[in-house]
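Open the model in your viewer and keep the selection panel within reach. We will go from stop to stop, and at each one you will be told what to select and what is there.

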Amino acid sequence: MTATHSTRMLILGSGPAGLSAAIYGARAGMAPIVVQGIQPGGQLTTTTDVENYPGFRDVVQGPWLMQEMQAQAEHVGAQMMWDTITEIDVTQRPFRLVGDSGTVYVGDVLVIATGAQARWLGLDSEELMKGKGVSACATCDGFFFRGKKVAVIGGGNTAVEEALYLTNHSHDVTLIHRRDTLRAEKILQERLFANEKISVLWNKKVERFIGGGSPEGLVAIELKDMVTGEISQVEVDGGFVAIGHHPATKLFRGHIALDEDGYISVETGSTRTSVPGVFACGDVMDKVYRQAVTAAGTGCMAALDAEKFLAEADFETVVHQAAE
């Protein structure tokens with residue numbers, strides 16, 4: 001027999017956004033159910049040192065931080081479900097979703113916090129050196145490379161913005177791009193070229209991240225010239241892959257409005273989506289900041305928006321019944 005779970009608030013995703021929404025939703029008496037998805041805890045579970053999340057004097061570990069958030073959410077009444085949603089119906093309330101386990105989830109409101117994943121180059125050496133000098137977030141990890149040589153791979157707005165940001169920590173930033181022109185906005189390019197701390201390597205493709213030292217860390221990046229085929233190396237201590245992100249929104253296409261980049265569209269200043277009663281928070285709707293603390297903040301917003309929506313819906317129901 002197929003199991004069915006019903007709740008006032010159904011949350012998809014268990015990163016900082018989803019768990020913050022769960023904490024606020026539980027405290028408001030909505031007994032939220034959190035469907036954790038394919039990566040319980042979100043991107044922070046793949047991050048080691050976290051030193052920019054408020055409230056911790058010393059560096060904490062990403063997996064530990066997410067365990068504590070989950071424990072807090074469960075302590076105040078949220079229920080965690082280990083499942084991945086494969087079908088959704090948001091044409092009418094309550095919303096009906098189905099997991100790959102066959103379990104049915106029914107919610108009066110739906111909070112989407114499925115996040116986004118950084119795009120990677122797909123190199124074996126990249127996977128090997130993640131957390132050892134290779135990163136996909138300069139604002140997260142740039143601080144660890146104070147006074148060191150770093151490189152940014154990419155040619156769009158994200159790459160240029162990260163290169164400019166890294167000049168706050170490094171006097172030697174190299175932007176590596178596989179073409180001879182950048183895709184970034186003109187004003188960003190002007191700032192980049194005017195910055196004496198940044199140099200650009202054109203027509204270069206990353207072939208390999210090279211580790212060394214004790215403990216092992218990134219020491220160089222091997223490059224292939226896209227015009228001549230020549231192989232070269234650039235010595236760096238940190239390499240930042242900045243070729244964009246994939247928002248986890250495939251499931252919602254055709255059901256909820258997305259923007260041109262595939263992120264869920266929300267009303268300015270809120271977490272409301274194109275479907276009344278459906279809210280989005282965290283990296284699935286935020287392509288600008290993409291930080292754990294901002295994700296948590298929008299998770300709070302989503303819970304408050306959902307609570308207000310349900311209060312108004314309940315009031316309208318009472319008024320309608322009284323009029324009959």
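**Stop one: strands 6, 7 and 8**

Select strand 6 (85-89) and strand 7 (95-99): the two run antiparallel and are joined by four bridges. Before going further, note that this is a predicted model, in which local features need pLDDT of at least 70 and side-chain atom pairs count only at pLDDT 80 or more, while totals for chains, interfaces and linings use all residues. Residues are numbered from 1 along each chain as its sequence is written, and side-chain values use heavy atoms, with hydrogens and water left out. Helices (H or I, at least four residues) and strands (E, at least two) are DSSP runs, numbered from the N terminus, and two strands pair if DSSP finds at least two bridges between them.

Now show Asp-89, which stands opposite Arg-96 in strand 7. Five residues make the hairpin connection from strand 6 to strand 7. Pro-94 sits in this loop, and the peptide bond leading into Pro-94 from Arg-93 is cis, with omega near -5 degrees.

Add strand 8 (residues 104-112), which pairs with strand 7 in the antiparallel sense over four bridges. On this side, Arg-96 has Val-106 of strand 8 as its bridge partner. The hairpin between strand 7 and strand 8 has four residues between them, and Gly-102 in the turn has a positive phi of about 95 degrees. How many of the five residues of strand 7 are buried (under 20% relative accessible area, with exposed over 50% and partly exposed in between; 1.4 Å probe, protein chains only)? Four of them are, so strand 7 is largely enclosed by the rest of the structure.

**Stop two: the parallel sheet**

Next, select strands 10, 17, 11, 12 and 13, which form an open sheet in that order, with parallel pairing. Its edge strands are strand 10 (134-135) and strand 13, each of which pairs on one side only. Zoom in on strand 11 (residues 149-153) and strand 17 (residues 238-241), which run parallel and are joined by four bridges. Ala-151 has Gly-239 in strand 17 as its bridge partner.

**Stop three: helices 5 and 6**

Bring in helix 5 (residues 157-166), which lies across strand 11, strand 12 (172-176), strand 13 and strand 17. Helix 5 runs at about 170 degrees to strand 11; axes are lines fitted to C-alpha atoms, for helices over the stretch in contact (heavy atoms within 4.5 Å), and angles run from 0 to 180 degrees between N-to-C directions.

Which residues of helix 6 (residues 186-194) are buried? They are Leu-188, Gln-189 and Leu-192. Look down the axis of helix 6: its buried residues fall within an arc of 100 degrees (taken from the directions from the helix axis to the C-beta atoms), so they line one face of the helix. Helix 5, strand 12 and strand 13 are among what covers them. Turn to the other side of helix 6 to find Lys-186, Ile-187 and Ala-194 exposed.

**Last stop: backbone oddities**

Most residues other than glycine have a negative phi, and most peptide bonds are trans. Select Asn-203, in the loop between strand 13 (198-201) and strand 14: this residue is not a glycine, yet has a positive phi of about 55 degrees. Asn-203 counts as buried, at 18% relative accessibility. Ala-31, also not a glycine, has a positive phi of about 45 degrees and counts as partly exposed at 46% relative accessibility. Finish at Pro-215, in the loop between strand 14 (204-212) and strand 15 (217-225), where the peptide bond from Ser-214 is cis, with omega near 0 degrees.
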